Amino acid sequence: MKNVKPVLICSNVLQRMIEHAVCEYPLECCGLLSGTQGVIDAIRPTGNDRQSSTEFSVPHRELFDFFKELRCTRWQHLGIYHSHPDGDAFPSDRDVTEFHYPRVSYWIVSLNVQKPNVRCYLWEGDSFHEALYEVLGTT
């Protein structure tokens, strides 16, 4: 069953996601997204333990710190993002097999085009399905 409600994200978060991908090129970037009331309004760019142009892994310490901070605030974990520096904005086989957070949105920034392409996915059943997203003003 496909999600009919769009994922809500603030424009400044989307812009920072793209900037992070451009800054880390030619390596994949990655990071964590959070917010309240279902609106992604915060971004935490992270390192990439794999230092690779084709795969990513958020450092364990950064994950620990992120979840520790969430426990002390009203924010919720709402998404994960990474880039495909020279690939399309579609989940790779590795993205599917290494995905561990089925209740959050999954964002891919492709730099394989003149203007960065950002797509959002949700996990349904045993695979990703593209989700619509709505860009909101800055919070």
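# A walk through the structure

In helix 2, three residues are buried: Leu63, Phe66 and Leu70. Around the helix axis they cover an arc of only 65°, which puts them on the same side of helix 2. If that spacing along the chain seems odd, remember a simple rule: an α-helix has 3.6 residues a turn, so residues three or four places apart point the same way. Keep in mind as you read that this is a predicted model.

What does the other face of helix 2 carry, the one turned away from its buried side? There you will find the exposed residues His60, Arg61 and Arg71. You can also check the length of helix 2 for yourself. At 1.5 Å a residue, its 12 residues should span 16 Å, and the end C-alpha atoms are 17 Å apart, which agrees. Another residue of helix 2 is Glu62. With a relative accessible area of 25%, Glu62 is partly exposed, because this class lies between the buried cut-off of 20% and the exposed cut-off of 50%. The C-alpha atoms of Glu62 and Thr46 are separated by 6.9 Å, although the two residues are 16 residues apart along the chain.

Now turn to helix 1, which takes in residues 11–24. Its buried residues are Val13, Leu14, Met17, Ile18, His20 and Ala21. They cover an arc of only 155° around the axis, which puts them on the same side of helix 1. The length check works here too: the 14 residues of helix 1 should span 20 Å at 1.5 Å a residue, and the end C-alpha atoms are 20 Å apart, which agrees.

Next come the loops, where a general rule helps. Most residues other than glycine have a negative phi, and most peptide bonds are trans. Where in this model is a peptide bond cis? Look at the step from Tyr25 to Pro26, where omega is near 15°. Pro26 sits in the loop between helix 1 and strand 2.

For phi, look at Gln37 in the loop between strand 2 and strand 3. Its phi is near 50°, a positive value in a residue other than glycine. Gln37 counts as exposed, because its relative accessibility is 77%. Gln51 also has a positive phi, near 45°. You can find Gln51 in the loop between strand 3 and helix 2, and at a relative accessible area of 52% Gln51 is exposed.

The loop with Gln37 leads us to the strands. Strand 2 and strand 3 make a hairpin with 2 residues between the strands. The two strands run antiparallel and are joined by 7 bridges; in one of the pairings, Ser34 has Ala42 of strand 3 as its bridge partner. Strand 3 (residues 39–46) also pairs with strand 1 (residues 7–10), this time in the parallel sense, over 2 bridges. Here the bridge partner of Leu8 is Val39 in strand 3.

Strand 5 (residues 105–110) is another good place to stop. How many of its 6 residues are buried? The count is 6 of 6. Both faces of strand 5 are covered, with Ser105, Trp107 and Val109 on one side and Tyr106, Ile108 and Ser110 on the other. Strand 5 runs parallel to strand 4 (residues 76–84), and 6 bridges join the two. His82 has Ile108 of strand 5 as its bridge partner. Strand 5 is also joined by 5 bridges to strand 6 (residues 117–124), and these two run antiparallel. In that pairing, Tyr106 stands opposite Tyr121 in strand 6. Strand 5 and strand 6 form a hairpin too, with 6 residues between them.

Finally, let us visit the pockets. The largest pocket holds about 330 Å³ of space. Of the 15 residues that line it, Phe56, Ser57, Val58, Glu98 and His100 lie nearest its centre. Helix 2, where our tour began, and helix 3 (93–97) each supply at least two residues of this lining. By type, the lining of the largest pocket divides into 8 nonpolar, 3 polar and 4 charged residues.

The second largest pocket has about 230 Å³ of space. It is lined by 12 residues, and those nearest its centre are Pro6, Val7, Leu8, Gly38 and Leu122. You have already met Leu8, the bridge partner of Val39. The lining of the second largest pocket is made up of 7 nonpolar, 3 polar and 2 charged residues.

Technical notes:
Residues numbered from 1 in each chain as written. Predicted model: local features only at pLDDT ≥ 70, side-chain atom pairs only at ≥ 80, totals over all residues. Heavy atoms only, no water. Pairing = 2+ DSSP bridges. Helix = DSSP H or I, 4+ residues; strand = E, 2+ residues; numbered from the N terminus. 1 Å grid on protein atoms, 1.4 Å probe; cavity = no way out; pocket = protein on both sides within 12 Å on 5 of 7 lines; lining within 4 Å. Points joined across faces, edges and corners; volume = space filled by probe spheres on them. Nonpolar A, V, L, I, M, F, W, Y, C, P; charged D, E, K, R; others polar. Expected span 1.5 Å × (residues − 1). Buried < 20%, exposed > 50% of the residue type's maximum accessible area, 1.4 Å probe, protein only. Arc of directions from axis to C-beta.
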